[in-house]
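Please open the model in your viewer and keep the sequence panel visible. The tour below goes from one selection to the next.

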Amino acid sequence: SVILSTGANNYSAKMWDLSVTVEDLGPDALPITVSVTSDLHVGGVILKLVEKTQIKRDWSDHAFWWEQKQCWLLRTAWTLEKYEIHADAKLLFMQQHKPLYVCLPSGVTLRLRACFSSSVFKAVMGICRMLNIRHPEELSLLRPIEHKKKKKDKGSAEEVYDLTEVPLSSDSKPCLYNGMPAHFADSPQMESVYKMLSGIQPPPSPETLAKLYRPASVVDKAHIHSRWLDSSRCLLQQGIQENDKVCLRFKYFAFYEIDPKYDAVRLTQLYEQARWAILLEDIDCTEEEMMLFGALQYHISKVSLSEPQTPVSSAAMDDLDSALQFLEVKMEGESSSASEILDNLTAPDLNDYLKIFRPKKLTLNKYKQFWFKFQDTSISYFKSKEESIGEPIQQINLKGCEVAPDVNVAAQKFLIRLLVPAPEGMNEIYLRCENEQQYAQWMAACRLGSKGKTLADNSYQSEIQSIRSFLAMQKSSSNSQGNAHANDESINAHSLVSPRYHKKYKTKQLTPRILDAYQNVAQLSFTDAILRYLQIWQALPDFGISYMVVRFKGSRKDEVLGIAPNRLIRIDLSVGDVVKTWRYNNMKQWNVNWDIRQVAIEFEGNINIAFSCVTTDCKVVHEFIGGYIFMSTRSREKSNTLNEELFHKLTGGHEAL
């Protein structure tokens, strides 16, 4: 009996009080005290707490948030001792899913329930599942930009669509009904919300456009890109509270399997993000390209009023596409050395007289004519056709180089700009073609060569075709159909181009130019017009680059690091010139020294770089690089399952563990 009583005393000494605030009781409610022992598991504490509240309701979505340590106690089998929770801990008992305002690329704001307890990566997956957006790994959340505008327009409150009643599903694929998720087919109101998500927003008024924030420099863009949330941490850990506003955007510009049949919302939001990037000058384009973007935008909004807004594709085309994809996969899988040899034997010949110019050399800006020969993934040039049997003057290996168009159809200017990687930086080379046909062939060949593909690749002809159709759209229409439309009052030219052109041209001057370009796209269907817009956007030299201000090791000045889907770019901040480019496929390893917040990368050929970040945390850069490497691992067979563990391994760093 003596032993028993001693044991009881020891046990009672272990009991202590834990203070818990229950959010559901209201902001003024006092914390509830629960008597616990250190070996009591979290699930047991929840049970005691729920009994004390005497409220009968479903508590399954509730969990503890530990304010001081900024973490959730989600492992209910862990004891308080294992979590190192003592009597001074302040715990908050609250729901894991809470309302959040999410601004979409189209500018539409939704209020929906998001997960505040799991990583942002998982929270985005949940949001995308609800909205029927495939491949959520391409998107993420960023903090909205604070507009430093005069507070005159307080009255114009934005419209918010409430989706907080939509039940959260854990299925990776939502159940579709009439082509839309079942929860949107519940009522006419919900159906109209889905149509709005998958439909195009009308062009903004010139006044609205002029008021919106436009990045004035690369540094401004760097500040926007520093606002991405950390994918490996939860919303609460990053200071995002219930009913706060965040922006959902495409973060990684490596779009996988866009299919109009299944990607109505994804395609629309991608178009909207591209459209705003053009209108707000987030990405540079030529005046000719701006007119073409304006014409396509005009056509898309015009067609959307008469055609069904949801992008569709015909059943016959779907069957054909899937059959071709299957055949392509099968042939790729079974390719033998014999078939490869046969391919190379039947590869089209490409050789012709072209002109070349190297702006970096201290020579006059003169183009010299040589005989060019395309072989495998290289271009060689010779003094003349007769001398092409011997040694070339130079051989340029295109694998890994940057290929950009410099074209003005009206002026018959067809240039191909090549940035060829070299140990000391990038060598800039311009090739001048005589006509459209020659340009389309060589441009297609250069693009394939830069990806390590030869002319035997089955995409060569389709690449030529897409370049030709792009040139056709830039051509001024020779017939005078444009004049018939010149009086079309539905066009508001200043809504279709960036504000820079509002100052440069009056509406009367802009309208004929946009209508001129419109003649070349007027026959496109709604879906084809959107796909064409995205195709031209993706062909812009600065497409997909996210900017960060960094300080390279050993340098005394700030510079800009551009992070693209396939490469890193070092940019001189004062001039804006590209200093060096490093490609991911030459990367051996990269790591972060979290103590001094420095990113170190090692490339093939004993090239090592290291830098610290000025405008953002190095975790953002680390996540971008790891994210793009993750995107490149996706394949057709695995496209339905997302390897979340690999994503966090590549993007998280030690802080995610």
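## A loop residue

Start by selecting L280, which sits in the loop between α7 and α8 (287-306). The model is a predicted one. Is L280 buried or exposed? Its relative accessibility is 15%, and because buried means under 20%, L280 counts as buried.

Now show what surrounds this residue. Apart from neighbours within four places in sequence, L280 is in contact with L209, L212, Y213, R214 and P215. Add A216 to the selection: L280 and A216 are 64 residues apart in sequence, yet their C-alpha atoms are 9.8 Å apart in space.

## Helix α7 against helix α16

Next, select residues 264-279, which form helix α7, and residues 526-538, which form helix α16. The two axes come within 10 Å and cross at roughly 50°. That angle falls outside the ranges for roughly parallel, antiparallel or perpendicular, so α7 and α16 are oblique to each other. The crossing of α7 past α16 is left-handed.

Which residues make the contact? On the α7 side, display L267, L270, Y271, A274, R275, A277 and I278. On the α16 side, display T527, I530, L531, Y533, L534 and W537. Colouring this contact by class gives eleven nonpolar residues, one polar and one charged.

## R275

Keep R275 of helix α7 on screen and hide the rest of the contact. R275 is buried, because its relative accessible area is 1% and the cut-off for buried is under 20%.

What does the side chain of R275 reach? The backbone oxygen of Q201 lies at 3.3 Å from it. Expand the selection around R275, leaving out residues up to four places away in sequence, and the residues touched are Q201, P202, P203, P204, Q297 and Y533. One of these, Y533, also belongs to the α16 side of the helix contact.

## Helix α3 against helix α18

For the last stop, select helix α3 (residues 120-131) and helix α18 (residues 644-651). At what angle do their axes cross? The angle is roughly 140°, and the axes come within 11 Å. Roughly antiparallel begins over 145 degrees, so α3 and α18 are oblique to each other. Their crossing is right-handed.

Show side chains for F121, K122 and M125 in α3, which meet E644, F647 and H648 in α18. By class, this contact holds three nonpolar residues, one polar and two charged.

Conventions. Residues numbered from 1 in each chain as written. Predicted model: local features only at pLDDT ≥ 70, side-chain atom pairs only at ≥ 80, totals over all residues. Heavy atoms only, no water. Axes fitted to C-alpha atoms, helices over the stretch in contact; angles between N-to-C directions. Helix = DSSP H or I, 4+ residues; strand = E, 2+ residues; numbered from the N terminus. Parallel < 35°, antiparallel > 145°, perpendicular 65-115°, else oblique. Left-handed = near helix turned anticlockwise from the far one by under 90°. Contact = heavy atoms within 4.5 Å. Nonpolar A, V, L, I, M, F, W, Y, C, P; charged D, E, K, R; others polar. Buried < 20%, exposed > 50% of the residue type's maximum accessible area, 1.4 Å probe, protein only. Polar contact = N/O pair within 3.5 Å; in protein donor to acceptor, adjacent residues only side chain to side chain.
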